[in-house]
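Biologist: I would like a close look at a single part of this chain, namely the salt bridge and its surroundings. Please begin with the carboxylate partner and then place the pair within the whole fold.

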Amino acid sequence: NKNHLKYSIWKYLDIFMFLSIVILFICYFCALFLGHIGLFCDISDLGINMPERVLFRFNLAIMGSLLILISFPIHDIIFLHLNKYKKKTLCNIARNSQIISGIGIILVGACNPEESLIFHLLSAIGAFGGSFITQFIYNILLYYEHKKIVYKIRCIITSIFFICFILFI
């Protein structure tokens with residue numbers, strides 16, 4: 001029975017994303033309880049003071065690394081599914097943008113805005129910009145592969161992400 005050898009990479013990705021959100025909430029409540037932040041804060045404020053800074057940096061390092069690692073199978077699955085040579089360049093751009101996004105996330109956690117605002121902002125632009133480019137390209141490539149409603153939902157999510165990116169800049 002070969003079923004015991006199969007696993008769902010998407011299930012593990014979902015688990016890690018959920019754990020990441022839980023860790024961010026732990027960082028937030030710790031910082032709030034210790035008086036390091038107000039009720040509403042920038043997410044980067046969680047990486048400034050001890051002890052929440054350690055957990056925040058660890059969390060972003062894991063999430064950025066996961067984003068980098070998952071970029072390769074996502075690229076391969078989409079490329080093989082489309083099976084069109086013309087789309088290879090777009091697939092490669094999307095994968096590379098996702099890698100840049102992952103590196104940006106790691107660097108955002110590694111350097112808080114008080115240590116170097118310019119480096120922190122450049123890293124955040126790489127993280128947001130890389131993710132936006134990746135989502136935009138994959139939306140284009142998967143247009144004919146899904147039902148129209150799924151495509152519309154993906155476009156709405158990408159649009160919201162783009163608006164957040166513009167507001168950040």
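Modeller: Glu-115 has a relative accessible area of 45%, and it is therefore classed as partly exposed, between the 20% limit for buried and the 50% limit for exposed residues. The model under discussion is a predicted one. In this model Glu-115 forms a salt bridge with Arg-57, and the closest N and O atoms of the two lie 2.9 Å apart. The pair connects distant parts of the chain: Glu-115 belongs to the loop between helix H3 (88–110) and helix H4 (117–141), whereas Arg-57 sits in helix H2, 58 residues apart in sequence. Arg-57 is also partly exposed, because its relative accessible area of 22% is not under the 20% that defines a buried residue. The structure holds one salt bridge, and the link between Glu-115 and Arg-57 is that bridge.

Helix H2 also takes part in a surface feature of another kind. A nonpolar patch on the surface is formed by Tyr-12, Ile-15, Phe-16, Phe-18, Leu-19, Val-22, Ile-26, Phe-58 and Ile-62, which together have about 820 Å² of accessible area. Two elements, helix H1 (9–33) and helix H2 (52–82), each give two or more residues to this patch. H1 supplies the largest share, with seven residues. Ile-62 is placed in helix H2. With a relative accessibility of 33%, Ile-62 is partly exposed, and it can join the patch because that value is over the 30% required of patch residues.

Helix H1 carries an aromatic group as well. Phe-25, Tyr-28 and Phe-29 make up one aromatic cluster. The count of aromatic pairs comes to three. One of them joins Phe-25 and Phe-29, whose rings are stacked, with 6.1 Å from centre to centre and 20° between the planes. Both residues lie in helix H1, four residues apart, which is about one turn of the helix. Phe-25 has a relative accessible area of 48% and is therefore partly exposed, since this value is not over 50%.

Helix H3, which precedes the loop of Glu-115, offers two further points of reference. Ser-97 lies in this helix. At 7% relative accessibility Ser-97 is buried, because the value is under 20%. Leaving aside residues up to four places away in sequence, Ser-97 touches Gly-130, Ser-131, Ile-133 and Thr-134. Ile-100 is likewise placed in helix H3, but at 49% relative accessibility it counts as partly exposed. Between Ile-100 and Leu-67 there are 9.4 Å in space, C-alpha to C-alpha, for a separation of 33 residues in sequence.

As for the whole fold, the chain has five helices and zero strands, and its elements run α-α-α-α-α from the N terminus on. Of the contacts with a separation of 6 or more, 62% are between residues 24 or more positions apart. Buried residues make up 33% of the 169 residues. The chain exposes about 11000 Å², of which carbon and sulfur atoms supply 73%.

Finally, the confidence of the prediction should be stated. The mean pLDDT of the chain is 82, and 88% of the residues score at least 70. Among the elements, H3 has the highest mean pLDDT, 91, and helix H5 (residues 148–168) the lowest, 72.

Notes:
Residues are numbered from 1 along each chain as its sequence is written. This is a predicted model: local features need pLDDT of at least 70, side-chain atom pairs count only at pLDDT 80 or more; totals for chains, interfaces and linings use all residues. Side-chain values use heavy atoms; hydrogens and water are left out. Patches are made of residues with over 30% relative accessible area and no salt bridge: like charges are joined within 9 Å, nonpolar side chains (Val, Leu, Ile, Met, Phe, Trp, Tyr) within 5 Å. Accessible areas come from the Shrake-Rupley method with a 1.4 Å probe; for residues, only the protein chains shown count as cover. A salt bridge is a side-chain nitrogen of Lys or Arg within 4 Å of a carboxyl oxygen of Asp or Glu. Buried means under 20% relative accessible area, exposed over 50%, partly exposed in between (1.4 Å probe, protein chains only). Rings of Phe, Tyr and Trp (its six-membered ring) pair if their centres lie within 6.5 Å; planes under 30 degrees apart count as stacked, over 60 as edge-to-face and the rest as tilted. Contact means heavy atoms within 4.5 Å. pLDDT is the predictor's confidence in each residue, from 0 to 100.
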